Amino acid sequence: MFQLRTSLRAVTVAGMLALGVVAGPQAVAVDRPAVPLAKAADATTRAIAEADPQAAAAAATVCGTGYTLFHAVPLPEGTDPNLRYATLFSYQNGGKGCAILDNNVGTARYMYLHVCKVDGTGCATDSGNFSEYAGPVYVASAVCAPVTAKMGPSSSNLYFTYTSEYMFTCD
């Protein structure tokens, strides 16, 4: 179901095992890696991270170190998380933001992910046919940065087009 989990599980497990070797006899949660959640993470985000911690942790690993999960949206919006085509993850590290569009279909699909600063500048886009994920797409100032995500068999035949101004903190 989560291609991102499949491809990055080895990296996550290896990292967790290395921590266990370096840290000594402490318990290491290889089967349920935890991704740090932002204090402002909503109930849906917390439920997605709880239901599939490997996918949330793997996406955070793609963003880099120090990122916390701020928001996760099953897409199309309002879809039962078990039936979704994709999951849009947003992570924050200080004032910086990172977005990942996780492909939950398991086969290559057209994916588009676009993030800008709130003033419409500093935009970054990743698009193409991906079997695992689009992104990471970074924004230097994540405050209220709008995000657009699209996915479908082709750019002219989409399952969904999702736009949100609330994928990152709006303080």
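# Exercises on two sheets and two disulfides

Strand β3 (residues 96–103) runs antiparallel to β6, and the two pair over five bridges. The model is predicted: local features need pLDDT of at least 70 and side-chain atom pairs count only at pLDDT 80 or more, while totals for chains, interfaces and linings use all residues. Residues are numbered from 1 along each chain as its sequence is written, and side-chain values use heavy atoms, with hydrogens and water left out.

**Exercise 1. Place the pair β3 and β6 in its sheet, and state which strands stand at the edges.**

Step 1. Fix the terms. Helices (H or I, at least four residues) and strands (E, at least two) are DSSP runs, numbered from the N terminus. Two strands pair if DSSP finds at least two bridges between them.

Step 2. Read the order. The open sheet has four strands in the order β1-β2-β3-β6, and their pairing is antiparallel.

Step 3. Find the edges. β1 (68–75) and β6 (133–139) each have a single partner strand, so one side of each is left without a neighbour in the sheet.

Step 4. Add the twist. On average, neighbouring strands of this sheet are turned by 15 degrees against each other, direction ignored. Such angles lie between N-to-C directions and run from 0 to 180 degrees; the axes are lines fitted to C-alpha atoms, for helices over the stretch in contact.

Step 5. Locate one residue pair: A99 stands opposite V137 in β6.

**Exercise 2. Which strands do helices α2 and α3 touch on this sheet?**

Step 1. Contact means heavy atoms within 4.5 Å.

Step 2. Helix α2 (residues 43–51) packs on the sheet and touches β1 and β2 (86–93). The direction of α2 makes about 90 degrees with that of β1.

Step 3. Helix α3 (residues 53–63) also packs on the sheet, where it touches β1, β2, β3 and β6. The direction of α3 makes about 50 degrees with that of β2.

Step 4. Check the surroundings of α3. A residue is buried under 20% relative accessible area, exposed over 50%, and partly exposed in between (1.4 Å probe, protein chains only). In α3, 10 of the 11 residues are buried, so the helix is largely enclosed by the rest of the structure. Among them are P53, Q54, V62 and C63.

Step 5. Look past the end of the helix: just after α3, G64 takes a positive phi of about 125 degrees.

**Exercise 3. How many disulfides does the structure hold, and what is the handedness of each?**

Step 1. A disulfide is a pair of cysteine sulfur atoms within 2.5 Å. Searching the whole structure gives two disulfides.

Step 2. One of them is formed by C63 and C98, with sulfur atoms 2.0 Å apart. The link of C63 and C98 has -80 degrees about the S-S bond and is left-handed. This pair links distant parts of the chain, since C63 is in helix α3 and C98 in strand β3, 35 residues apart. C63 is buried at a relative accessible area of 5%, and C98 is buried at 0%.

Step 3. Another joins C116 to C123, with 1.9 Å from S to S. The link of C116 and C123 has 110 degrees about the S-S bond and is right-handed. C116 is buried, at a relative accessible area of 8%, whereas C123 is partly exposed at 39%.

**Exercise 4. Describe the sheet that contains β8, then the place of F160.**

Step 1. This open sheet has four strands in the order β5-β4-β7-β8, with antiparallel pairing. β5 (124–130) and β8 stand at the edges with a single partner strand each, so one side of each lacks a neighbour in the sheet. Its neighbouring strands are turned by 5 degrees against each other on average, direction ignored.

Step 2. Strand β4 (residues 109–115) and strand β7 (residues 147–152) pair in the antiparallel sense over six bridges. L113 stands opposite A149 in β7.

Step 3. F160 belongs to strand β8 (residues 160–164). F160 is buried, with a relative accessible area of 7%. Apart from its neighbours within four places in sequence, F160 has contacts that include L75, Y85, A149 and K150. F160 and K150 are 10 residues apart in sequence, and their C-alpha atoms are 5.7 Å apart in space.

**Exercise 5. Judge the confidence of the model.**

Step 1. pLDDT is the predictor's confidence in each residue, from 0 to 100.

Step 2. The mean pLDDT of the protein is 80, and 80% of its residues reach 70 or more.

Step 3. Over residues 1–32 the pLDDT is below 50. Beyond near neighbours in sequence, the stretch 1–32 has 45 contacts in the model.
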